[in-house]
Amino acid sequence: MPAVPQPRSDDSLAEVVPLASGRAAAGILLGEHLRQWREERGLRQADLATVIRGSVSKISRLERGESPAKTRDVIDLITFMRLSPKDREYAERLLQQAQDGQWYQHFSDVTPQYLKRLISLEDSAQEITAYENLVMPGLLQTRAYAHSLVSMVRKKWSEAEIERVVDLRKRRQLILNQKIPRVTALIDQGVLLRPRGGPAVMREQLEHLLDAADTKKVNIRIVGFAEGASVSPPYAITHLNFHEDGPAELVYVEHINGADYVTSPGAVDEYRAALDELKRVAADRNESKELIREAIASYS
């Protein structure tokens, strides 16, 4: 059995890609591909600057992902470079993701910087595996459940501020309507039995969880008390895998005053091994749904 890794603070998100505050990973990938396509065609940045009625520095910022990509500029560039239909489709998909990835900036006043980074990367992930030991995964929380959590943690916040955080969490869940990422949620059994917000809120939350478990998009696995006793970490872990052309895989470990982004291969291997061990002992999909049903009955 692998040792449970301890949270690390010596890794930086910048080791994945040169990611500045609030910049979506899709925007960085789009810029990298625009540069690659330009170089493959033997073009200079100055050649493309005239295409978008801009300067060389504007092209440079776009290729580094430092400036938000404008639809007109990107379409003009990929048309000028005569990309193949496959590359054009890929560029347009990255453009859409890069623009969608900026929605969370509207919640900057109630969102810590470390969480903005996670949200920007979730949109670009191919697969997300999350272990939660205290609360429901954010991607699966109902509005009432999320409201109860935020109210408990932010006791001095106004109702308007709390509602904005809840709106952020619900907006974040829209990625579940996309083809990717695939989501595996490993949930400690205690989360099902901890009455956050009261019986009615928990019943609604668990029914929502059961509905999600019936979809192909989300794989929900419950880690039982006995089975997880010797392998469950005392903190939540989120592991993100990306497309082969994207950033390297990373692990997000949140704690009370911030979060660590683990990117060094050795450390990522340790966390991945811990998640694999949790998958090994967790109930399968059908058993997990039965445990959820039992929990729902307990709140009746």
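This briefing covers the nonpolar cores, the surroundings of H239 and the salt bridges of the structure above. The model is predicted. Its largest nonpolar core comprises 47 residues, and a search of the whole structure yields 18 salt bridges. H239, a residue of strand β4, is treated separately for its polar contact with E249.

**Nonpolar cores**

- Within the largest nonpolar core, which has 47 residues, the members that touch the most others are L206, L209, I220 and I292.
- The element that gives the most to this core is helix α10, spanning residues 199-213, with seven residues.
- Beyond its neighbours within four places in sequence, L209 is in contact with M136, L140, I187, L192, I220 and I292.
- Another core, of 22 residues, lies apart from the one described above; L30, W37, A49 and L77 are among its members.

**Surroundings of H239**

- Strand β4, which runs over residues 237-242, contains H239.
- H239 counts as buried because its relative accessibility is 5%, below the 20% limit for that class.
- The side chain of H239 makes a polar contact of 2.6 Å with the side chain of E249.
- When neighbours within four places in sequence are left aside, the contacts of H239 are E127, I128, T129, E249, L250, V251, V268, R272 and L275.

**Salt bridges**

- Side chains of opposite charge can pair when their charged atoms come close.
- One salt bridge joins the side chains of E63 and R38, with an N to O distance of 2.7 Å.
- E63 belongs to helix α3 (residues 56-63) and R38 to helix α1 (residues 25-40), so this pair ties together parts that are 25 residues apart in sequence.
- Both E63 and R38 are buried.
- A further salt bridge links D47 with R44, whose closest N and O atoms are 3.0 Å apart.
- D47 is classed as partly exposed because its relative accessibility is 23%, whereas R44, at 54%, counts as exposed.
- E163 and R143 also form a salt bridge, their closest N and O atoms lying 3.1 Å apart.
- That pair links distant parts of the chain, 20 residues apart, with E163 in helix α8 (residues 159-172) and R143 in helix α7 (residues 143-153).
- E163 has a relative accessible area of 26% and is therefore partly exposed; R143, with 36%, is likewise partly exposed.
- R53, K58, R72, D73 and D76 are joined into one network by salt bridges that share partners.

Terms used
Residues numbered from 1 in each chain as written. Predicted model: local features only at pLDDT ≥ 70, side-chain atom pairs only at ≥ 80, totals over all residues. Heavy atoms only, no water. Core = buried A, V, L, I, M, F, W, Y, C linked by side-chain atoms within 4.5 Å. Buried < 20%, exposed > 50% of the residue type's maximum accessible area, 1.4 Å probe, protein only. Helix = DSSP H or I, 4+ residues; strand = E, 2+ residues; numbered from the N terminus. Contact = heavy atoms within 4.5 Å. Polar contact = N/O pair within 3.5 Å; in protein donor to acceptor, adjacent residues only side chain to side chain. Salt bridge = Lys/Arg side-chain N within 4 Å of Asp/Glu carboxyl O.
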